Amino acid sequence: MGNFASVAKRALFITYLLCLHIALIYLLADKFVLSRALTDEWRPDISADPALRPSAIPTPEPETTPIPSLSPEIAPPETVTPNTKLIVPVQGVKPEQLMNTFTQSRSEGRTHDAIDIPAPSGTPVQAAADGEIVKFFDSVRGGVTIYQFDTSERFVYYYAHLSRRAPGLAEGAVVRQGDVI
């Protein structure tokens with residue numbers, strides 16, 4: 001019976017992190033992408049750089065675990081905002097270069113529900129805000145990932161499709177906005 005409780009707690013924690021991830025991505029999409037979605041002026045010229053072409057972004061393989069929907073105790077994304085100004089977490093990428101991949105279709109009838117920020121392999125990824133690294137995870141869809149809480153522990157930032165984690169970075173580490181993770 002104790003093992004079931006442990007598995008249930010772990011599943012609840014993972015569901016909570018995923019829900020917060022979805023809320024954060026929605027906020028980032030609203031802040032950086034959706035507000036500019038009515039014009040094409042914000043879209044970068046991707047013809048010159050093959051790394052920025054959508055075909056250069058690998059499509060994650062499907063996993064067997066479905067992504068849960070937001071639970072009722074988590075506030076809707078439009079009512080919450082981080083208490084700090086976020087930075088684009090990929091070094092050298094400006095907000096106007098972001099492309100809206102949030103609602104793109106994926107296999108099995110899913111939508112992406114995230115923003116991909118294409119960059120050459122090995123480009124440093126930085127903490128979007130101050131906070132604590134709470135979990136490392138590797139998955140088929142997300143690849144090498146990092147979960148980070150902000151200082152209020154109200155928001156979790158999800159960094160996925162990484163080529164590696166920064167040397168010496170560990171779960172429980174406190175990071176400052178801009179630190180390479």
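Start by selecting R141: with a relative accessible area of 10%, R141 is buried. Keep in mind as you go that this is a predicted model.

**Stop 1: R141 and its partner**

Add E108 to the selection. R141 and E108 form a salt bridge, with the closest N and O atoms 3.5 Å apart. R141 sits in the loop between β1 and β2, while E108 belongs to the loop between α1 and β1, so the pair ties together parts 33 residues apart in sequence. The two ends have unlike surroundings: R141 is buried at 10%, whereas E108 counts as exposed at 59% relative accessibility.

**Stop 2: R106, in the loop between α1 and β1**

Now move to R106, which is placed in the loop between α1 (2–33) and β1. Is R106 buried or exposed? Its relative accessibility is 15%, so R106 counts as buried. Show two neighbours here. D116 forms a salt bridge with R106, the closest N and O atoms being 3.6 Å apart. Both R106 and D116 lie in the loop between α1 and β1, ten residues apart, and D116 is buried too. The second neighbour is Q104, whose side chain makes a polar contact with that of R106 at 3.3 Å.

**Stop 3: the sheet**

Select the strands next. You should see an open sheet of four strands in the order β3-β2-β1-β4, paired antiparallel. β3 (156–162) and β4 stand at the edges with a single partner strand each, so one side of each has no neighbour in the sheet.

Zoom in on β1 (residues 131–139) and β2 (residues 143–150), which are joined by eight bridges. These strands form a hairpin with three residues between them. To get your bearings, find F137 in the hairpin: T145 in β2 stands opposite. Then turn to β4 (residues 174–175), joined to β1 by two bridges. There, V174 is the bridge partner of E132.

**Stop 4: a salt bridge from β1**

Pick D138 and R165, whose side chains meet in a salt bridge at 2.8 Å, N to O. D138 is in strand β1 and R165 in the loop between β3 and β4, 27 residues apart. R165 is partly exposed at 22%, and D138 counts as exposed at 52%. A search of the whole structure finds four salt bridges.

**Stop 5: the nonpolar core**

Finish with the largest nonpolar core, which has 15 residues. Those with the most contacts inside this core include I133, I146, Y157 and L169. β3 gives the most to the core, with three residues. Centre on I133 and display its surroundings: beyond its neighbours within four places in sequence, I133 is in contact with residues including I146, L169, V175 and I181.

Methods: Residues numbered from 1 in each chain as written. Predicted model: local features only at pLDDT ≥ 70, side-chain atom pairs only at ≥ 80, totals over all residues. Heavy atoms only, no water. Pairing = 2+ DSSP bridges. Buried < 20%, exposed > 50% of the residue type's maximum accessible area, 1.4 Å probe, protein only. Polar contact = N/O pair within 3.5 Å; in protein donor to acceptor, adjacent residues only side chain to side chain. Core = buried A, V, L, I, M, F, W, Y, C linked by side-chain atoms within 4.5 Å. Contact = heavy atoms within 4.5 Å.
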